[in-house]
There are 2 protein chains.
Amino acid sequence: MKDDTISGEQLLSMLAALANPHRLRIIAALQSQGRNYVSQLAREIGISRPLLHLHLQKLEDAGLVTSQLELSPDGKALNYFEVSRFALEITPAAIAEAAKSLSTHLDP
Amino acid sequence: MKDDTISGEQLLSMLAALANPHRLRIIAALQSQGRNYVSQLAREIGISRPLLHLHLQKLEDAGLVTSQLELSPDGKALNYFEVSRFALEITPAAIAEAAKSLSTHLDP
DNA sequence: TTCATATGTAAGAAAATTATTACACGTGTA
DNA sequence: TACACGTGTAATAATTTTCTTACATATGAA
């Protein structure tokens, strides 16, 4: 059998990170056009840079994108983001499995 | 090729519906123990009935659960919920595909 | 020096989601 | 009738998320 096991918290954080139209578009853009740095991506998607920064942070916290700070030829610091490789199989059974490890307000 | 196509809005509404710990537990409970009616499910999960009602509504709006009103032997109206059969393949490519049909604030 | 580019982040406003409480209604039984 | 059980929902509060604006910093070029 495949080990598709994932913790409830992990699943939840990925779902929460994906549950936003801007963030879906961000992933789509990085997937289709490849890695990009923050300011440029903000221009392409049409949202403000601080707002994009916030969304990228959520995606990165969930492990869906990664970033790498680089120096451009002309000396600017560019923070490049790219999509992580991920594949979530979302089914009732997978959710039931993951939910076993979801903490409750009743937990010790 | 498989037609895994899904609209951006549809994907988004499912992701949003899943991105909550209570709702994951609801799906897990219905999947593991089978269909159940609202009051009983509320007791099992340990949340109030109105709160469960709200979460069930979101899940139903997203098409992840369905409900059927039935009369118990002793005449009570019981609203039974069960999990829908769904399987979402969440990958960067699938998101890029779905995001094509995501409306923007810039749309006509 | 000044301008244009890049970076990050803090503070507060706005909006959406989540949660509680209280109400209203229906049926069968004591 | 009163109680216990089921249903739904409205109003409000609390919390979280989203968004904007403004500030601070750094580098290269004009």
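In this predicted model, 32 residues of chain A are in contact with 32 residues of chain B. Together the two chains bury about 2700 Å², and 74% of that area lies on carbon and sulfur atoms. DNA strand D has 23 protein residues around it, and those that come nearest are drawn from both chains: A:Lys58, A:Asp74, B:Ser39, B:Arg49 and B:Asn79. Here is a tour of both surfaces.

**Where chain A meets chain B**

- The interface of chain A and chain B has 0 salt bridges by the rule applied.
- Polar contacts do occur across this interface, with 4 residue pairs found, both partners being at pLDDT 80 or more.
- On the side of chain A that touches chain B, at least two residues each come from helix H1 (8-18), helix H2 (21-33), strand S4 (88-90) and helix H5 (92-99) of chain A.
- Among these contributors, H2(A) gives the most, with 7 residues.
- Sorted by class, the side of chain A that touches chain B holds 21 nonpolar, 9 polar and 2 charged residues.

**A strand pairing between the chains**

- S4(A), one of the elements on the side that touches chain B, is joined by 3 bridges to strand S4 (residues 88-90) of chain B.
- The two strands run antiparallel.
- To find your place in this pairing, look for A:Leu88, which stands opposite B:Ile90 in S4(B).

**The surface near DNA strand D**

- Chain A supplies at least two residues from each of H2 and helix H4 (49-61), while chain B does so from each of helix H3 (38-45), helix H4 (49-61) and strand S3 (77-83).
- H4(A) provides the largest share of this surface, 5 residues.
- H2(A) is worth a second look: it gives the most to the side of chain A that touches chain B, and it also supplies at least two residues of the surface near DNA strand D.
- By class, the surface near DNA strand D comprises 8 nonpolar, 8 polar and 7 charged residues.

**Contacts with the DNA backbone**

- Of the atoms of DNA strand D that come within 4 Å of the protein, 67% belong to sugar and phosphate.
- From chain A, a polar side-chain atom of A:Lys58 sits 2.7 Å from a phosphate oxygen of DNA strand D.
- From chain B, B:Asn79 places a polar side-chain atom 2.6 Å from a phosphate oxygen of this strand.
- B:Tyr37 likewise has a polar side-chain atom 2.9 Å from a phosphate oxygen of DNA strand D.
- A:Lys58 and B:Asn79 are also among the residues that come nearest to DNA strand D.

Note on methods: Residues are numbered from 1 along each chain as its sequence is written. Chains are lettered from A and ligands numbered from 1 in the order in which they are written. This is a predicted model: local features need pLDDT of at least 70, side-chain atom pairs count only at pLDDT 80 or more; totals for chains, interfaces and linings use all residues. Side-chain values use heavy atoms; hydrogens and water are left out. Contact means heavy atoms within 4.5 Å. Buried area is the accessible area (1.4 Å probe) that two parts lose on being put together, summed over both. A salt bridge is a side-chain nitrogen of Lys or Arg within 4 Å of a carboxyl oxygen of Asp or Glu. A polar contact is a pair of N or O atoms within 3.5 Å; within protein, one must be able to donate a hydrogen and the other to accept it, and residues adjacent in sequence count only if both atoms are side-chain atoms. Helices (H or I, at least four residues) and strands (E, at least two) are DSSP runs, numbered from the N terminus. Ala, Val, Leu, Ile, Met, Phe, Trp, Tyr, Cys and Pro count as nonpolar, Asp, Glu, Lys and Arg as charged, and the others, Gly among them, as polar. Two strands pair if DSSP finds at least two bridges between them. A residue is near a molecule or strand if one of its heavy atoms lies within 4 Å of it.
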